[in-house]
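The following exercises are to be worked through with the sequence and the coordinates at hand. Each task is followed by a solution that proceeds step by step.

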Protein chains: 2
Amino acid sequence: MEVSKILTYCNENRLAVCPQGGNTSIVGGSVPVLDEIVVSTELMNQIVSLDDVSGVLVCEAGCILEDLDNKLSKLDLMMPLDLGAKGSCHIGGNVSTNAGGLRLLRYGNLHGNILGLEVVKANGEILDLLSMLKKDNTGYHLKHLFIGSEGTLGFVTKVAVQCPTKPKTQNLAFLGLETYENVLETFKAGKGCLSEILSAIEVIDNESMDVVREHLNLRSPIGEYPYYLLIETSGSRDEHDQEKLNSFVEMALAKRFILNGTVVTEPSKFKDIWSIREKIPETFKREGYVFCYDFTLPLQNYYKLVHEMRQYMGSQARRVFGFGHLGDGNLHLQISIKEFNPDILDYIEPHIFNRVKEMKGSISSEHGIGFLKAKYLSMIKDPNAVRLMQSLKASLDPNGILNPYKIFRS
Amino acid sequence: MEVSKILTYCNENRLAVCPQGGNTSIVGGSVPVLDEIVVSTELMNQIVSLDDVSGVLVCEAGCILEDLDNKLSKLDLMMPLDLGAKGSCHIGGNVSTNAGGLRLLRYGNLHGNILGLEVVKANGEILDLLSMLKKDNTGYHLKHLFIGSEGTLGFVTKVAVQCPTKPKTQNLAFLGLETYENVLETFKAGKGCLSEILSAIEVIDNESMDVVREHLNLRSPIGEYPYYLLIETSGSRDEHDQEKLNSFVEMALAKRFILNGTVVTEPSKFKDIWSIREKIPETFKREGYVFCYDFTLPLQNYYKLVHEMRQYMGSQARRVFGFGHLGDGNLHLQISIKEFNPDILDYIEPHIFNRVKEMKGSISSEHGIGFLKAKYLSMIKDPNAVRLMQSLKASLDPNGILNPYKIFRS
């Protein structure tokens, strides 16, 4: 196989390699730093097999996520992950970065959904870990070494995925809330009432709503509130799901968890409301220079960090705003200033990463470490864990040819 | 910490250690082979924290699965796994063996549900991988090295688990079918119609039903058929779930996928029907000597193996019968004979494992390799993968003190 030959040659000649999928990384994981040879998955775009009874898809690493989802859709199946970058990201890159996305809350993470992998080691050796089975307890579960290791331990060439049943219906509630405490109360009540049909819980703060109003002229359909929640359900019977969602919203209103709310069932309105949330990142370039962070925080600290940073930045920031996948504790926190200023960067970092660590959070929820966050790895992780990571790297890629300068700052 | 001190001492003095949880392994994974020191998790039975908003439980490795589930139940949460051995198995053992069980179909596997671990390495070093976060992409995902490695790479001392919402209602359909093709048609239709509320699909063949009738006087409530399916739903609204399940059974009858079926909503009847399935293993000791196998097979080959083995055994076997977690492709295949006979064992093995390999299945779906299947590891796995497993073992436990003779036959 070609990737094996390329890596064998590069390893023998000590040539560094940068594996590249759709090149959508936002931490510089998929771009070469110095003189690495880019090996792209682009031409590895074939579906190997697709079983509509078991829902098992096997495909090459360069298949585009959205293309796969469209093919599956015809068989009433879906990919278990969905990202903003779905139109260009490759499944091999998704696996290598352990991509998360919008509906992890419902369908779980890739460690749970990837059944098998074919991987080429740095020395060109092909590892056949391409199991297509949901249960397989025969020896160490090696595939997980390569899920989320950002192309530094091996080159993923084929992927087997367990695909869930595509929902027949989706509904949405858009809610306005007064306090972050109310946000948590509503979250907890929603998990209880909506349980099996819950597919996304997104939070948007008022400052994020200001940003989309100012730059894109998009408005909250229910007036202004300090916090907004977008709660999506996915299920198999429309009337059942609407009944559950309506009675949940009524209950939340009655208990004063929420101040206002609307339930949207019509597909075009459903899209409109989602686009408020999805278009927040598009405003960044109009907002000046934006420092973007991707944290996971325990829910009790989730919004505390935004408040804290707003105070910490004072008038140095134009705006500090937060939104994200509340259901997974994943916060996208932004600090906007007029134009880039290295002093302000130094003022923010590493301070913000330290605070996240103190709050028992993660400094990279779904984006990975890549090149940009490599210098913080040893700051945030248990030193014994970092040593084990380094020893795995040394053992699997002794010449260090695979995606150098990523994850570890050597 | 005590485990660290024990392992440090044992490692320095080259003393072998057998980590032991509830000692429920059926492949000899948790029992010493020669002179290993048994280190039990029994006294590590404290809950460290439990957050009812996020559903994150942190506990010590010796907590009993059922005890944890009972505690969670009071907060409308549940453990994401459920096994026959729940009354005695320890969560640390569940993690170390990547336990599967009855509802993996719905709640996913432990690689997806375990958020973090504390692990003691063979040299006594404590690895703090105890993240409590759903998304955390910061470096290699080391915890997965220890999930399913059967205590050979490290000793799991603490566990963080993502716990789902406990369903408010459960219903059951018990169906009689003519052919295995009908079984697959019904399975596929059930995934489509029941989608988000589906929580178990179990298959029982007529020979398994004969066994429970003969030894326990339990009978199919719908008369005799070549195959039976037990389809369980779990959800948040009883009337919605019953409506879905009833209309699914009506459709399956109308399409002649099934010959007969009953929907059970009353809790005591629900238990009675589940007990037909759950009590099959209790009959083994009355059946004579039973060779028990735990395979995963692609669905098109799932029952083919039972037919084949019935033919292969001919009059040498008293009975060849199959049942299992169809939803996960997990088949429990039994061959019963009057009394143990080594010639028959040699006739069955390794033949049966070879056939499973040829059919692209797994020779151990959920039970693991342990001691009993170690000699087959190299037969069934890619040699490059086995070499990588051995190099991981050598690197993490250079003196080979952790659970020797398990997984690898050295």
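**Exercise 1: Cysteines**

Determine how many disulfides there are over all chains of this predicted model, and account for A:Cys163 and B:Cys193.

Solution. With a disulfide taken as a pair of cysteine sulfur atoms within 2.5 Å, the count over all chains is 0. For A:Cys163, the closest cysteine sulfur belongs to A:Cys59 and lies 8.5 Å from its own, which is too far for a bond. The next step is accessibility: A:Cys163 has a relative accessibility of 2% and therefore counts as buried. B:Cys193 likewise takes part in no disulfide, the nearest cysteine sulfur being that of A:Cys163, 19 Å away. B:Cys193 is partly exposed, since its relative accessible area is 28%.

**Exercise 2: The nonpolar core**

Identify which residues of the largest nonpolar core touch the most other members, and list the contacts of A:Leu145 beyond its neighbours within four places in sequence.

Solution. The largest nonpolar core holds 80 residues, and those touching the most other members are A:Met79, A:Leu145, A:Phe146, B:Met79, B:Leu145 and B:Phe146. Taking A:Leu145 from this group and setting aside its neighbours within four places in sequence, one finds contacts with A:Leu153, A:Leu392 and A:Leu396 in chain A, and with B:Leu145, B:Leu388 and B:Leu392 in chain B.

**Exercise 3: A surface patch**

State which residues make the nonpolar surface patch of about 260 Å², and decide whether A:Tyr9 is buried or exposed.

Solution. The patch is made by A:Tyr9, A:Leu15 and A:Ile37. A:Tyr9 belongs to helix H1 of chain A, which covers residues 2-12. Because exposed means over 50% relative accessible area, the value of 51% places A:Tyr9 among exposed residues.

Terms used:
Residues are numbered from 1 along each chain as its sequence is written. Chains are lettered from A and ligands numbered from 1 in the order in which they are written. This is a predicted model: local features need pLDDT of at least 70, side-chain atom pairs count only at pLDDT 80 or more; totals for chains, interfaces and linings use all residues. Side-chain values use heavy atoms; hydrogens and water are left out. Buried means under 20% relative accessible area, exposed over 50%, partly exposed in between (1.4 Å probe, protein chains only). A nonpolar core is a set of buried Ala, Val, Leu, Ile, Met, Phe, Trp, Tyr and Cys residues joined through side-chain atoms within 4.5 Å. Contact means heavy atoms within 4.5 Å. Patches are made of residues with over 30% relative accessible area and no salt bridge: like charges are joined within 9 Å, nonpolar side chains (Val, Leu, Ile, Met, Phe, Trp, Tyr) within 5 Å. Accessible areas come from the Shrake-Rupley method with a 1.4 Å probe; for residues, only the protein chains shown count as cover. A salt bridge is a side-chain nitrogen of Lys or Arg within 4 Å of a carboxyl oxygen of Asp or Glu. Helices (H or I, at least four residues) and strands (E, at least two) are DSSP runs, numbered from the N terminus.
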